[in-house]
Amino acid sequence: MASWSALQTDLGDIILRRLQHHADRVRFGAVCRQWRSCARQNAPPPQFPWLALPDRTFYSLPDSAFQPLPLHLERHRQLPHAQSSCGEWLVFERMDGAYTLVNPFSMSTTMVLPRLPTEPSHAIGDPPPFMKKLVVCSPNLVAAVVGAGWPHRLALCRPGAASWVVVAHDQLNSLHDMIWHRGKLYALHDNQCRLLCISVGEDRDTGEPNVSRVDILAEGSIWELIEPPSPLLYLLESDGALLMVRRGDPNSDMQNPFVGGDSVHYG
């Protein structure tokens with residue numbers, strides 16, 4: 001074999017089948033482009049995900065280990081808490097307010113997003129806009145829940161575009177969580193316990209993304225009968241199914257039979 005990059009596919013398959021630890025499979029794919037392609041073609045065994053932490057480290061659940069990430073971007077700051085990662089992307093805010101998304105395992109793979117929009121009535125001293133949720137739907141579409149002095153709204157953009165498109169829709173105010181699932185956006189309404197299905201299209205004149213349809217899939221829930229709408233509701237995908245998960249609050253004074261968490265399956 002002339003070089004490591006010339007590893008035959010069948011040998012790569014045999015090696016990958018013997019790598020049960022997620023970190024080892026990641027290191028295998030990081031060797032070179034050919035090995036990364038081989039790793040992507042081989043479905044990994046079921047694994048716990050790594051948790052992305054704001055200090056540029058990952059936490060591995062199975063072995064309770066911290067994995068440092070040697071990544072530093074000049075004139076950037078990593079977003080705190082839940083906004084610091086989005087699927088395979090780490091999210092960094094530039095000093096000018098724009099955003100850079102970086103794939104930590106392929107450092108040359110980046111995505112640039114514009115700074116968040118401000119309301120026309122935004123005045124000096126008002127809180128700046130912030131990103132509550134970011135979803136990379138495809139290489140050509142990014143969605144975000146943004147807010148600052150107004151109810152959390154849906155914003156759409158194309159990577160590399162000069163600005164976001166803030167969606168003016170009565171049903172898309174006060175959004176709490178959002179996920180891209182089977183070609184559509186799904187969102188939770190913060191105040192009305194609604195699960196929304198959002199179809200995204202394209203403006204024929206400008207080519208900008210827009211919302212072509214909003215459907216209410218569920219309104220209210222068994223949890224609403226127990227206590228007021230909770231901020232501890234999340235949308236996630238598990239084995240191809242869309243789930244709405246409620247995380248129990250152990251500090252709540254209310255007697256709740258769902259303390260510890262529960263989920264509802266939406267297909």
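What share of the 267 residues of the chain counts as buried? The figure is 40%, and keep in mind as we go that this is a predicted model. The accessible surface of the chain comes to about 15400 Å², with 53% of that area belonging to carbon and sulfur atoms. As for secondary structure, we have three helices and 19 strands to look at. Take the contacts between residues at least 6 apart in sequence: 36% of them join residues at least 24 apart.

Let's start with the helices. In α1, which spans residues 9-18, the buried residues are G12, D13 and L16. Looked at down the helix axis, these buried residues fall within an arc of 105°, so they line one face of α1. The general rule behind this is simple: an α-helix has 3.6 residues a turn, so residues three or four places apart point the same way. Now turn to the other side of α1, where R17 and R18 are exposed. And what covers the buried residues? Part of the cover comes from the other helices, α2 (22-29) and α3 (33-41).

While we're in this part of the chain, have a look at C38. This cysteine counts as buried, because its relative accessibility is 9%. How far is its sulfur from the closest cysteine sulfur? The distance is 9.6 Å, to C32, which is too far for a bond. A disulfide needs two sulfur atoms within 2.5 Å, and the structure as a whole holds zero disulfides. Further along the chain, C137 is another buried cysteine, with a relative accessibility of 10%.

Next come the strands. Four of them make an open sheet in the order β9-β10-β11-β12, with antiparallel pairing. At the edges sit β9 (130-138) and β12, each of which pairs on one side only. In general, strands of a sheet pair through backbone hydrogen bonds, either parallel or antiparallel. Zoom in on β11 and β12, and you'll find two bridges joining these antiparallel strands. Here A155 stands opposite V166, a residue of β12.

The loop between β11 (153-157) and β12 (165-166) also holds R158, and this arginine takes us to another part of the chain. Which residue does the side chain of R158 meet in a salt bridge? The partner is E202, at 2.9 Å from N to O. That pair links distant parts of the chain, since E202 belongs to strand β15 (residues 194-202) and the two residues are 44 apart. R158 counts as partly exposed because its relative accessibility is 23%.

Stay with β15 for a moment, because L196 lies in this strand and its relative accessibility of 0% makes it buried. What surrounds it? Setting aside neighbours within four places in sequence, L196 is in contact with Q171, L172, L175, L185, Y186, A187, V214, D215 and I216. Of these, I216 is 20 residues from L196 in sequence, yet their C-alpha atoms are 4.7 Å apart in space.

D215, one of the contacts of L196, has a salt bridge of its own: its side chain meets that of R213, at 2.9 Å from N to O. Are these two residues buried or exposed? D215 is partly exposed, with a relative accessible area of 21%, while R213 is exposed, at 51%. The general idea is that side chains of opposite charge can pair when their charged atoms come close.

The count of salt bridges comes to four. One of them joins the side chains of D96 and R94, at 2.7 Å from N to O. Both partners are partly exposed, because the relative accessibility is 40% for D96 and 27% for R94.

One backbone detail is left to check, and it concerns R182. You'll find this arginine in the loop between β13 (175-181) and β14 (184-189). Its phi is near 55°, a positive value in a residue other than glycine. For background, most residues other than glycine have a negative phi. R182 counts as exposed because its relative accessible area is 66%.

Key:
Residues are numbered from 1 along each chain as its sequence is written. This is a predicted model: local features need pLDDT of at least 70, side-chain atom pairs count only at pLDDT 80 or more; totals for chains, interfaces and linings use all residues. Side-chain values use heavy atoms; hydrogens and water are left out. Buried means under 20% relative accessible area, exposed over 50%, partly exposed in between (1.4 Å probe, protein chains only). Helices (H or I, at least four residues) and strands (E, at least two) are DSSP runs, numbered from the N terminus. Contact means heavy atoms within 4.5 Å. Accessible areas come from the Shrake-Rupley method with a 1.4 Å probe; for residues, only the protein chains shown count as cover. Two strands pair if DSSP finds at least two bridges between them. The arc is that of the directions from the helix axis to the C-beta atoms.
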